[in-house]
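Me: I should like a close look at how helices pack against one another in this model. Please explain each term as it arises, since I am in my first year.

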Amino acid sequence: MSTGRSSIPPAGAEMLRDELSAIAKPVLAAVLEHPFWDGLRKGTLPADSLWYFAEQDARYAVPAYARALARTAAIADQDAHSALMSGAASVTLDAVGRMDGELAALAAELGRTVRTVAVSPATHAHTCFMLAAPAVSFGAAFGGLLPMTWFHQAVSRDLRERCVPGSRYEAWIDQYCPESGFHDYVEAYLSMIDEFGEQCSPTDRATLAEHFLFGARHELAFADSAFRLQAWSV
């Protein structure tokens, strides 16, 4: 796979969030129109795909994201950045406990059994990426984790706007989409991204942008793996 570095526009006077938004645009468009999210909006998604997504998200993706946030907080050289990351890690870990109940409710609705499930290839790649990014640099971690949050916000808004009223998964969509406090967190994250972009070196800025692109691609791969019920070949 190409590193994607050629897709990253050169650093300039623009705010870093705007640069990242341009990088994300084609990937986010592919995410929003992917058959997984389209089927979820319309209520036509096979139940097995939603169950696959919910299991992988609750068991692996979200816990790994929380731990990656904590690792990022530990290497931040500014107290405000560390406070944001550590606070988000704590809130996310609390959410993991709530997700167990949500998974049980979904299991009852779909006629599934809550059980120990193996990590999928795409989820394994995504979680390893998130947990490894802080070992590269704070910028790599900061950028690599942003799509997990920013794309979730975009997907949630799109679900609320385009969900077919009365569709099969409307109740699940309601609990999946975050409340207003989450949007405040995303804005705080983006503000710190902009601040980092103003202060960092061109090399650090490029590293952050590159890891952001990788993170964005993992978000697309995660939805695709759920739609295809991806499994290990052996």
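Reply: Helix H3 (residues 47–75) and helix H6 (residues 138–162) pack at an angle of about 150°, and their axes are 10 Å apart. That angle makes H3 roughly antiparallel to H6. Angles under 35 degrees count as roughly parallel, over 145 as roughly antiparallel, 65 to 115 as roughly perpendicular, and the rest as oblique. Axes are lines fitted to C-alpha atoms, for helices over the stretch in contact, and the angles run from 0 to 180 degrees between N-to-C directions. Helices (H or I, at least four residues) are DSSP runs, numbered from the N terminus.

The model is predicted: local features need pLDDT of at least 70, side-chain atom pairs count only at pLDDT 80 or more, and totals for chains, interfaces and linings use all residues. Residues are numbered from 1 along each chain as its sequence is written, and side-chain values use heavy atoms, with hydrogens and water left out.

On the H3 side, the contact with H6 is made by Ala61, Val62, Tyr65, Ala68, Leu69, Thr72 and Ile75. H6 contributes Phe138, Ala141, Phe142, Leu145, Met148 and Thr149. Contact here means heavy atoms within 4.5 Å. H3 passes H6 in a left-handed crossing; a crossing is left-handed if the near helix is turned anticlockwise from the far one by less than a right angle, and right-handed if clockwise.

H6 also packs against helix H9 (residues 202–228), where the axes come within 7 Å and cross at roughly 35°. This crossing of H6 and H9 is right-handed. Among the H6 residues that meet H9 are Gly139, Gly143, Gly144 and Phe142, and their partners in H9 include Thr207, Leu208, His211 and Gly215. Phe142 of H6 thus appears in the contact with H3 and in the contact with H9.

H9 has a further partner in helix H2 (residues 35–42), with an angle of about 65° and axes 8 Å apart. H2 and H9 are therefore roughly perpendicular to each other. Pro35, Phe36 and Trp37 of H2 meet Ala223, Ala226 and Phe227 of H9.

These helices also bear on the interior. The largest nonpolar core has 70 residues; such a core is a set of buried Ala, Val, Leu, Ile, Met, Phe, Trp, Tyr and Cys residues joined through side-chain atoms within 4.5 Å. Leu20, Trp37, Leu40, Phe142, Tyr185 and Tyr189 have the most contacts inside this core. Helix H3 gives the most to the core, with 14 residues. Leucine 40 touches Leu45, Leu50, Leu159, Tyr169, Trp172 and Ile173, not counting residues up to four places away in sequence.

H3 also holds glutamate 55, which is buried, with a relative accessible area of 4%. Buried means under 20% relative accessible area, exposed over 50%, and partly exposed in between (1.4 Å probe, protein chains only). Apart from neighbours within four places in sequence, glutamate 55 is in contact with Tyr60, Leu103, Arg115 and Val117.

Alanine 107, in helix H4 (residues 79–110), counts as buried at 4% relative accessibility. With residues up to four places away in sequence left out, alanine 107 touches Trp51, Arg112 and Val114.

Definitions and conventions: Helices (H or I, at least four residues) and strands (E, at least two) are DSSP runs, numbered from the N terminus.
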